[in-house]
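Here is a brief report on a protein model, from its overall form down to one strand. Please keep the sequence and the structure in view while reading.

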Amino acid sequence: MASTRVHIPQDVAAVASGADAVAEAFAAAGLDVVRTGSRGGCWAEPMVEMAEDSGTRSVWRNVTTDDVPEILKRGSAHPKCLGALDAIDWLAGQHRVVFDRCGTDHPLALPPTVALESCLDVAPTALIDEIETSGLRGRGGAGFPAHIKWRTVRDTPAEQKYLVCNADEGDSGTFADRLLLEGDPFRLIEGMTIAAIATGASRGFVYLRSEYPDAERTFAAALKRAYEQGLLGKGILGSAHTFDLELFVGAGAYICGEETSLLESLEGRRGEIRAKPPVPAIAGLFGQPTVVHNVISYAAVPGIMQGGGDAYAELGVAPSTGTMAFQLAGNVLRGGLIEVPFGITLAEIVEGYGGGTRSGRPLRTVQIGGPLGAYLGREDLDTPLTYEAMANIGAGIGHGGIVVFDDTVDLAEQAHYAFKFCEVESCGKCTPCRLGSVRGKETMQTILDGRGGARELTMIRDLCEVMESASLCQMGGMTPIPVLSAMERFPEDFKR
């Protein structure tokens with residue numbers, strides 16, 4: 001078949017599915033192979049794209065080394081061919097602002113820096129105004145308006161100001177940060193540099209979880225190239241702006257995903273919660289004004305600056321504007337990452353993009369927002385995915401992770417797991433979280449053993465009330481969410 005180039009992801013999910021061997025097979029057949037980031041279609045990995053002489057890309061899913069000779073012989077007639085890239089329903093229905101470049105080229109191929117160049121001569125206050133117009137909110141879970149953090153840091157007098165990127169992606173079922181860092185690292189670098197210009201920060205850190213060695217290697221190489229190309233350092237792209245960015249690898253503590261604990265770790269101390277106030281935007285890293293965002297928050301900035309805040313604000317359902325990267329995992333037929341505007345329903349994601357359960361059994365619940373997120377029932381699937389609509393049903397969007405369970409799940413066991421998770425991952429600084437998680441786990445175990453009843457369930461509710469109201473941070477404060485949502489929506493599982 002006539003083709004000039006084969007694109008095969010080197011993303012961890014693709015490699016785990018055999019992408020390296022597939023790439024070697026195409027190279028051995030004499031084709032030009034380019035290793036790219038992933039488009040997020042974990043269900044289709046290894047996903048192979050062939051660029052024809054016309055520039056059109058055709059796609060094959062779940063390719064093995066045995067498929068390579070037949071693909072080269074039969075082309076689009078091969079049963080694993082999904083057709084032209086832009087015609088695949090799973091991708092065509094998305095609206096990609098952050099992940100539009102993932103999968104198009106090698107992760108270290110320097111992309112155009114149009115957004116950054118357009119910001120070099122713009123007044124910092126105007127850049128912050130554009131972020132405010134866009135309605136961008138933190139994509140790490142809290143949904144806090146980004147422009148408030150930026151403006152606070154800009155307006156707080158200090159000789160040194162910092163940017164910190166929270167890439168300590170530890171929520172179950174989430175991989176958006178990893179996918180971007182492995183597939184389009186320059187997007188994050190560009191977004192953070194624009195944020196630095198706007199806020200007056202001259203130094204930044206990307207705090208990466210230690211469990212992402214491939215992301216570490218790719219991002220470290222991208223940083224080196226960015227300095228070589230004048231995208232970082234003194235005199236960015238010949239301007240008067242200076243911004244230095246470093247990569248810091250954490251030690252694997254879930255609690256360091258909380259912003260103040262992360263700052264403690266960056267300063268070389270044990271990852272423990274700081275009492276607030278003061279907030280990091282006023283006294284953050286080393287006591288200086290600091291913007292703390294997660295990867296997707298910073299990575300949304302170039303698209304906002306290039307397309308305009310008004311255009312970004314038109315996406316979604318105000319005040320939940322723009323797009324969100326939702327990640328489907330668990331017992332789902334087509335797991336992966338999709339980027340769509342806020343307002344899509346859970347049913348459209350789980351049953352539409354996800355195709356229902358992988359087991360083929362009836363769906364019983366989905367957990368959204370990580371291990372401390374709510375368990376939702378089928379009656380909740382028509383809820384629009386916005387911060388406001390989810391809050392109305394006692395849930396949150398978090399980092400966009402959606403984990404699917406079929407009808408074999410035991411929600412009492414999941415509630416027990418929530419307490420156990422909190423016990424293991426708590427920093428131990430406050431009593432409600434440190435001891436409440438242990439007592440909750442023990443009490444839930446009596447229920448699982450058939451030795452507990454109404455008295456124990458009342459104890460758990462009382463304990464959850466204390467943890468929610470008295471914990472220093474969301475680790476203890478949110479642990480009651482999965483427990484109580486499971487008890488309320490699936491009470492039959494707690495009657496042993």
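The report covers the whole chain, then one sheet, then a strand inside that sheet.

**Overall form**

This is a predicted model. The protein has 21 helices and 17 strands. Its C-alpha trace spans about 70 × 60 × 40 Å along the principal axes. The radius of gyration is 23 Å; a compact globule of 496 residues would have a value near 23 Å, so the two agree.

Burial and contacts come next. Of the 496 residues, 58% count as buried. Take the contacts with a separation of 6 or more: residues 24 or more positions apart account for 71% of them. The protein exposes about 19100 Å². Carbon and sulfur atoms supply 51% of that area.

Now the charges. There are 44 positive and 64 negative side chains. The centres of the two sets lie 3 Å apart.

**The sheet**

Strands of a sheet pair through backbone hydrogen bonds, either parallel or antiparallel. In this model, 5 strands form an open sheet with mixed pairing. The order is 8-9-7-6-10. Which strands are at the edges? They are strand 8 (233-234) and strand 10 (290-294), and each pairs on one side only.

Strand 6 (residues 162-167) pairs with strand 7 (residues 203-208) in the parallel sense. Strand 6 also runs parallel to strand 10. The table sets out both pairings.

| Pairing | Sense | Bridges | Opposite residues |
|---|---|---|---|
| Strand 6 with strand 7 | parallel | 6 bridges | Leu163 and Gly204 |
| Strand 6 with strand 10 | parallel | 5 bridges | Cys165 and His293 |

Leu163 thus has its bridge partner, Gly204, in strand 7. Cys165 stands opposite His293 in strand 10.

**Strand 6 in detail**

Is strand 6 mostly covered or mostly open? It is mostly covered: 6 of its 6 residues are buried. The cut-off for buried is under 20% relative accessible area.

The side chains split into two sets. Tyr162, Val164 and Asn166 point one way from strand 6. Leu163, Cys165 and Ala167 point the other way. Both sets are buried. Leu163, with its partner Gly204 in strand 7, and Cys165, opposite His293 in strand 10, thus belong to the set that also holds Ala167.

Terms used:
Residues are numbered from 1 along each chain as its sequence is written. This is a predicted model: local features need pLDDT of at least 70, side-chain atom pairs count only at pLDDT 80 or more; totals for chains, interfaces and linings use all residues. Side-chain values use heavy atoms; hydrogens and water are left out. Two strands pair if DSSP finds at least two bridges between them. Helices (H or I, at least four residues) and strands (E, at least two) are DSSP runs, numbered from the N terminus. The radius of gyration is taken over C-alpha atoms; the globule rule is 2.2 Å times the number of residues to the power 0.38. Buried means under 20% relative accessible area, exposed over 50%, partly exposed in between (1.4 Å probe, protein chains only). Contact means heavy atoms within 4.5 Å. Accessible areas come from the Shrake-Rupley method with a 1.4 Å probe; for residues, only the protein chains shown count as cover. Lys and Arg count as positive and Asp and Glu as negative; His and the chain ends are not counted. The place of a charge is taken as NZ of Lys, CZ of Arg, CG of Asp or CD of Glu.
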